[in-house]
Amino acid sequence: MRKRLRLFVAALFFTSAFILFGCSDDNDTEYNSVNGWNLGNTLDACTYDTKANLGLSTERKWGMPVTTESMIKAVAARGFKTIRIPVSWHNHITEGTNYTIDPAWLSRVKTIVDWSLGSGMKVIINIHHDNLTSSQLSNAYGYTVNTSQTEQATSKKYIVSIWNQVAGYFKAYDERLIFELLNEPRNRDSANDGFSIPSNVSSLNGVIAGYEKAALDVIRATGEKNVSRYVMVAPYAASPDGTAGWSLPSDSVAGKLIVSVHAYTPYEFCMSSANVNVFSESHMRSIDWLFDNLDSKYISKEIPVIIGETSATDKNNLDERKRWTTYFYGKAKNMHVPVVLWDNMNTVATGGDINSGECHGYFNRNTLQWFFPTLVDEMIK
């Protein structure tokens with residue numbers, strides 16, 4: 001049963017019809033790793049201090065070039081089979097009563113989705129940086145995750161409205177297009193925002209589950225291909241260990257929900273300061289724990305999982321990052337968990353701060369060349 005399930009998860013990204021491989025239970029060696037790539041810091045770039053419609057210029061707000069079809073084709077040609085297109089919507093609202101999305105922004109998202117599908121990749125789109133603090137909610141559109149029932153009502157209305165419009169816009173697209181409801185939903189007013197699990201996580205996960213259920217229902221209600229489209233749902237902060245009080249929402253169709261988690265694992269190697277730049281046996285054990293945890297919570301229960309973001313920040317330690325890649329991606333392949341690489345085009349060589357933990361650049365979109373081709377080789381292999 002376990003191998004049949006894992007073949008199903010693999011097939012999710014291999015075929016537009018999501019048909020299982022014709023492999024026997026005693027031989028799953030025909031499975032091939034399915035890698036994904038994030039169009040990071042692009043359509044998700046945003047600000048939190050205005051309710052104005054900022055237009056298409058936000059695509060360049062965080063230093064990225066305007067996305068072109070050539071970029072998308074180059075990612076696909078490199079061997080990536082899935083593209084995640086993070087999208088922030090709150091800077092693209094033309095009126096605030098119904099949270100009407102700027103048609104030009106929807107059209108821009110559609111253009112990149114179409115290029116990606118045309119390049120042979122599966123596509124994930126989401127609500128990304130619309131998660132606000134309480135104070136930001138008075139200055140910008142979006143949603144919060146906290147215990148305020150007033151803010152919850154406003155937040156749910158926003159989330160439902162955005163997904164009603166986005167799902168309706170893409171309802172004729174086949175199931176190669178996947179909807180991810182919320183990116184790393186969390187209480188952004190909490191201490192150490194998103195980097196530690198709060199003591200009231202169970203209560204907050206109840207809020208998140210309510211948002212996700214409402215969004216899922218409105219997606220299904222838009223009809224056509226959305227009736228049975230695959231939908232990704234996330235626990236608190238998309239954390240593998242922030243799941244207390246959270247569960248998959250009930251759905252009108254069976255087997256179409258996927259758990260979305262993010263795993264910059266181990267954190268001290270993948271995200272923190274430059275001092276931890278050697279990939280150790282202890283780090284391997286952290287990765288072992290990650291996948292054992294995903295297996296016990298989800299995969300063993302026939303619930304598919306996608307790691308929607310991962311990467312190891314550049315610390316001028318290419319060989320050690322390659323060791324991390326081999327181990328992390330090897331474990332993912334063994335567990336048949338698709339992995340989507342985070343890419344913000346930021347490296348130490350391009351001026352990124354080595355101590356920031358945010359040097360996650362792999363693809364130079366200006367030159368269409370790869371900063372670390374040996375790392376990408378290892379991912380694809």
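This is a guided walk through a predicted protein model, from its confidence scores to its core, its rings and its charged pairs.

Let's start with how far the prediction can be trusted. The predictor's confidence score, pLDDT, averages 92 over the protein, and 91% of the residues score at least 70. One stretch stands apart from that picture: over residues 1-33 the pLDDT is below 50. In the model this stretch still has 71 contacts beyond near neighbours in sequence, but do keep its low score in mind when you look at that part of the chain.

Now step inside. The largest nonpolar core holds 92 residues. Which of its members touch the most others? They are Ile85, Trp89, Val113, Trp163, Phe291 and Phe328. Helix α6, which covers residues 201-221, supplies the largest share of this core, with 10 residues. Apart from the largest core lies another one, made of seven residues and including Ile124, Ile258, Ile306 and Val340.

To get a feel for the big core, pick out valine 113 in your viewer. Setting aside residues within four places in sequence, valine 113 is in contact with Ile85, Val123, Ile125, Phe170, Tyr173 and Leu177. Ile85 is a name you have already met, as another of the members that touch the most others.

Helix α6 deserves a second look, since asparagine 205 lies in it. Is asparagine 205 buried or exposed? Its relative accessible area is 0%, so asparagine 205 is buried. What surrounds it there? Leaving aside neighbours within four places in sequence, asparagine 205 is in contact with Pro235, Tyr236, Gly242, Thr243, Ala244, Gly245 and Trp246.

Another residue worth a visit is alanine 332, in helix α9 (residues 318-335). Alanine 332 counts as buried because its relative accessibility is 2%, under the 20% cut-off. Not counting residues up to four places away in sequence, alanine 332 touches Phe291, Val337 and Val339. Phe291 also appeared among the core residues that touch the most other members. Isoleucine 307 is 25 residues from alanine 332 in sequence, while their C-alpha atoms are 8.9 Å apart in space.

Next, the aromatic rings. The structure holds 17 aromatic pairs. One of them joins tryptophan 37 and phenylalanine 363 in an edge-to-face arrangement, with 6.0 Å from centre to centre and 80° between the planes. This pair links distant parts of the chain: tryptophan 37 sits in strand β1 (residues 35-38) and phenylalanine 363 in strand β11 (residues 363-364), 326 residues apart. Tryptophan 37 counts as buried, at 1% relative accessibility, and phenylalanine 363 is buried too, at 0%. These two rings also belong to one aromatic cluster, formed by Trp37, Phe80, Phe363 and Trp370.

Rings can have charged neighbours as well. The charged end of arginine 229 sits over the ring of phenylalanine 179, 5.0 Å from the ring's centre. In a second case, lysine 315 lies over the face of phenylalanine 269, at 5.7 Å from the ring centre.

That brings us to charges that meet other charges. How many salt bridges does a search of the whole structure find? The count is 18. In one of them, the side chains of lysine 73 and glutamate 69 meet at 3.8 Å, N to O. Why are these two about one helical turn apart? Lysine 73 and glutamate 69 are four residues apart in helix α2 (residues 69-77), so about one helical turn separates them. Lysine 73 is partly exposed at 47% relative accessible area, and glutamate 69 is partly exposed at 32%.

A salt bridge with other surroundings joins aspartate 314 and arginine 321, at 3.7 Å, N to O. Both of these partners are buried. The pair of lysine 381 and glutamate 378, at 3.3 Å, N to O, offers a mixed picture: lysine 381 counts as exposed at 66% relative accessibility, whereas glutamate 378 counts as buried at 13%. Finally, some salt bridges share partners, and in this way Glu184, Arg186, Arg188 and Asp193 are joined into one network.

Notes. Residues are numbered from 1 along each chain as its sequence is written. Side-chain values use heavy atoms; hydrogens and water are left out. A nonpolar core is a set of buried Ala, Val, Leu, Ile, Met, Phe, Trp, Tyr and Cys residues joined through side-chain atoms within 4.5 Å. Buried means under 20% relative accessible area, exposed over 50%, partly exposed in between (1.4 Å probe, protein chains only). Contact means heavy atoms within 4.5 Å. Rings of Phe, Tyr and Trp (its six-membered ring) pair if their centres lie within 6.5 Å; planes under 30 degrees apart count as stacked, over 60 as edge-to-face and the rest as tilted. A charge sits over a ring if NZ of Lys or CZ of Arg is within 6 Å of the ring centre and within 35 degrees of the ring normal. pLDDT is the predictor's confidence in each residue, from 0 to 100. A salt bridge is a side-chain nitrogen of Lys or Arg within 4 Å of a carboxyl oxygen of Asp or Glu.
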